[in-house]
Amino acid sequence: KTSKGSRTKINRKSSKKIVAGQLRVVLYGDEIAKQGIDETLNALGRDPNISSSIYMAVVDGESKTLLDYNYENIEDIGEHIFKLLEQNIDEEQIISSTLHEVSHDYHSIGEDIAMPILSKEGESINISGMALFKKGKMVGVLPAEDSFYLKISRDRYDSGTFETTIESGDLEGALKNNPPKEVSVVLDTIKSKKELKLINQSEPEFDLHITMNARLLELNVDMDLGNPKNIAIMEKAISESLSNEIMRIFRYCQEVNSDIFGLGQQYQSSVRNSNLTELKWDEMYQKVKVNVEI
């Protein structure tokens, strides 16, 4: 009934002792994640043999099914999953979800957990989305493509890459004849920083200001990038597109009651003697307003 009890039971069948010292990744099946990971999270945090830098993720389906399958091109499934998460976190494609970070968000009032979701697709394992939690329970899912918006809102970028699409109408005056309906844009060497500021205490309202520098790496339309006016039009279109996407994610987070942006934490640190509790913030969170500017 517990992780330690399971290990004891396994050891009765093994000639070599099973220990947690080499644990690199903790996986939760989605049903377990929906029921709540509170007990196992606390148990992991109290175990001195387990590093706080291990990764945590949710599996689309059962962890056992993902791990037991005999993959043609994957020799060591545990090492493969660890490297998959590690390189995508290092390349800033997804947010980091170490035991230390997850435990911090779990124990903070007004800040909730987000973890990558792993899915088996044929002979490969993909990062298919991000799981959103309300305290210890998984309450929502964002597609993998939204990881960029989540990271840029919660953290900072140092060198990431991102592809997005912009309506050609938003680039009017900059495109040449017969442009497609949507324009694909790739940005790289992204550097960003964010500032979250409470501007209204009584009816919580926040300004989220993100400053981003990036290189325009690829474009699927014919556009004169030597013209400063075209660059200004492109910058405005990208800013508006990113702002709208972040607002879409925030509204979804409100629907599932998951404060992955840490707005409650910011409120508590900005308002003296706020006496903020989980219950109080739950009531306030549904009425929160966020203004996004990029």
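**From a surface patch to the buried strands**

Glu-167 is partly exposed, with a relative accessible area of 37%, a value that falls between the 20% under which a residue counts as buried and the 50% over which a residue counts as exposed. This residue belongs to strand β6, which covers residues 160-167, and together with Asp-170, Glu-182 and Glu-240 it forms a negative surface patch. The model in which this patch appears is a predicted one.

Taken as a whole, the protein has 10 helices and nine strands, and its C-alpha atoms fill a box of roughly 75 × 55 × 25 Å along the principal axes. Of its 294 residues, 45% are buried.

Strand β2, residues 55-59, is mostly covered, with five of its five residues buried. The cover extends to both faces of β2, since Tyr-55, Ala-57 and Val-59 on one side are buried, as are Met-56 and Val-58 on the other. Strand β1 (residues 25-29) pairs with β2 in the parallel sense over five bridges, and within this pairing Val-26 has Met-56 as its bridge partner. Strand β3 (residues 114-121) also runs parallel to β2, to which it is joined by two bridges, and here Val-58 stands opposite Ile-117.

Helix α7, residues 147-154, is likewise mostly covered, as seven of its eight residues are buried; these are Ser-147, Phe-148, Tyr-149, Leu-150, Lys-151, Ile-152 and Ser-153. Ser-153 counts as buried because its relative accessibility is 2%, and its C-alpha atom is separated by 21 Å from that of Val-58, a residue 95 positions away along the chain. Arg-154 in the same helix is partly exposed, with a relative accessible area of 21%.

Arg-154 also leads to the charged contacts, for the structure holds 14 salt bridges, one of which is formed by Arg-154 and Asp-105 with their closest N and O atoms 3.4 Å apart. Arg-154 lies in α7 and Asp-105 in helix α6 (residues 99-107), so this pair ties together parts that are 49 residues apart in sequence. Asp-105, at 7% relative accessibility, counts as buried.

Another salt bridge joins the side chains of Lys-176 and Asp-222, at 3.9 Å from N to O. Because Lys-176 lies in the loop between β6 and β7 and Asp-222 in the loop between β8 (205-219) and α8 (228-256), this pair ties together parts 46 residues apart in sequence. Lys-176 counts as partly exposed at 45% relative accessibility. Salt bridges that share partners also join Lys-134, Lys-135, Glu-278 and Asp-282 into one network.

A salt bridge within a single helix is that of Glu-31 and Lys-34, whose closest N and O atoms are 4.0 Å apart. The two residues are three places apart in helix α2 (residues 30-35), and therefore separated by about one helical turn. An α-helix has 3.6 residues a turn, so residues three or four places apart point the same way. Both partners are partly exposed, Glu-31 at 47% relative accessibility and Lys-34 with a relative accessible area of 42%.

Two details of the backbone remain. Thr-189, in strand β7 (residues 182-200), has a positive phi of about 45 degrees although it is not a glycine, and it is partly exposed, with a relative accessible area of 42%. Asn-275, another residue other than glycine with a positive phi, has a value near 50 degrees; it is placed in the loop between α9 (263-270) and α10 (278-285) and counts as exposed at 62% relative accessibility.

Conventions
Residues numbered from 1 in each chain as written. Predicted model: local features only at pLDDT ≥ 70, side-chain atom pairs only at ≥ 80, totals over all residues. Heavy atoms only, no water. Patch = residues over 30% accessible without salt bridge, like charges linked within 9 Å, V, L, I, M, F, W, Y side chains within 5 Å. Areas by Shrake-Rupley, 256 points an atom, 1.4 Å probe, with all protein chains shown as cover. Lys, Arg positive; Asp, Glu negative; His and termini not counted. Charge placed at Lys NZ, Arg CZ, Asp CG, Glu CD. Helix = DSSP H or I, 4+ residues; strand = E, 2+ residues; numbered from the N terminus. Buried < 20%, exposed > 50% of the residue type's maximum accessible area, 1.4 Å probe, protein only. Pairing = 2+ DSSP bridges.
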